[in-house]
Amino acid sequence: MVKRYFFGGKMQLFGGRKFSFSGETDSSGGKGGVLQQGGIFNQGVPMRLIVQDNYDNMSKWAAAYVARKIRTFNPGPRKPFVLGLPTGSSPVGMYRELIRMYEEGIVSFRHVVTFNMDEYVGLDENHPQSYHYFMWDHFFSHIDISRENVHILNGMAQDLTEECRKYEQSIQEAGGIDLFLGGIGPDGHIAFNEPGSSLSSRTRIKTLTKDTKEANSRFFNGDPSQVPDKALTVGVGTIMDSSEILLLASGHNKARALEQSIQQGVNHMCTVSCLQLHPHAIMVSDEEATYELKVGTVKYFKDIEAPNLDHRSMLEDL
Ligand SMILES: N[C@@H]1[C@@H](O)[C@H](O)[C@@H](COP(=O)(O)O)O[C@@H]1O
């Protein structure tokens, strides 16, 4: 049986990491399964890998997980749920599914506070490729979130360093992030923490690599020179301070990054590998993203997660 500690609300523990206590009986967000052994502090729980057969099911699983987390947290005006959010192609399906769940009354975002991962420097919030625009277009405009609860770095700020400092402060003031959602770059970056970033980095300005500009040029008429050179991004340390992290990896072009982050050691040249050190991290992928993993690795995760793979069962008992 899981030993439970209920302190009601949140508290700060070692290294600024926050643990939230929601009264949930299962730290996995699922119904039983392997994660119960970690108990409320999740000590010793390894990174989970949830392999779904395609993008659609990956998105539905992630959305059901998020909805379950919010519902079981039971947020209110004095106890909001704090969510870290990504942009990119990976989360689009998850956002679509969360919107559907909101429309069907399964989840509300009224008492959810959000912090986005990153933003390009020099793009106005009305620029169609800015992450501000993306978030309102794909998600916020379609749900019941309050505008004042949305936080996105301002890449047009006069003083970008101060903007980053204030962002970290706002996260602290919100009580830390309960669940950070993210994607991964083809080179294994998380947010805009490019290869070689410090694994203890905080929110700051980053110069984008040639690889990332090329990967993201698909949103800029296929022209890497139109992709901004710099971005503001939360740091690896900022993400690691979250109570929980859930990342999405879809498609062939993420297969090498997934292999590095799961089968290789923690390495700043693949910043997403930091998840190995987090006590509550989940990677949700489709089949294609697993193609560089060993067959045995995939089989292992499929076996141990077999009771947790059906996204519908996650919401059944709510
Ligand atoms: N800064 C973002 C990342 O946060 C995102 O994870 C990555 C992958 O994006 P996509 O999901 O479109 O492949 O792209 C950008 O570089």
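A residue is buried if 20 or more other C-beta atoms lie within 10 Å of its own, exposed if 12 or fewer, and partly exposed in between, with C-beta atoms placed from the backbone. The model you have here is predicted: local features need pLDDT of at least 70, side-chain atom pairs count only at pLDDT 80 or more, and totals for chains, interfaces and linings use all residues. Numbering starts from 1 along each chain as its sequence is written.

**Exercise 1.** Let's find where Asp118 sits and decide whether Asp118 is buried or exposed.

*Solution.* Start with the record: UniProt, in an unreviewed entry, lists Asp118 under "active site", along with Asp187, His189 and Glu194. Such annotations may be inferred rather than shown by experiment. Next, locate Asp118 in strand β6, residues 118–120 (strands are DSSP runs of E, at least two residues, numbered from the N terminus). Finally, count: Asp118 is buried because 22 C-beta neighbours lie inside 10 Å.

**Exercise 2.** Now place His189 and list what His189 touches.

*Solution.* His189 lies in the loop between β8 (179–182) and β9 (204–207). Leaving out residues up to four places away in sequence, the contacts of His189 are Glu194, Pro195, Thr212, Thr271 and Val272 (contact means C-beta atoms, placed from the backbone, within 7 Å). With 27 C-beta neighbours inside 10 Å, His189 is buried.

**Exercise 3.** Compare the backbone and surroundings of Ala191 and Asn221.

*Solution.* Most residues other than glycine have a negative phi. Ala191, however, has a positive phi near 55 degrees, and Asn221 has a positive phi of about 55 degrees. Ala191 is buried, with 30 C-beta neighbours inside 10 Å, whereas Asn221 is exposed, with 9 other C-beta atoms within 10 Å.

Note on methods: Helices (H or I, at least four residues) and strands (E, at least two) are DSSP runs, numbered from the N terminus. Two residues are in contact if their C-beta atoms, placed from the backbone, lie within 7 Å.
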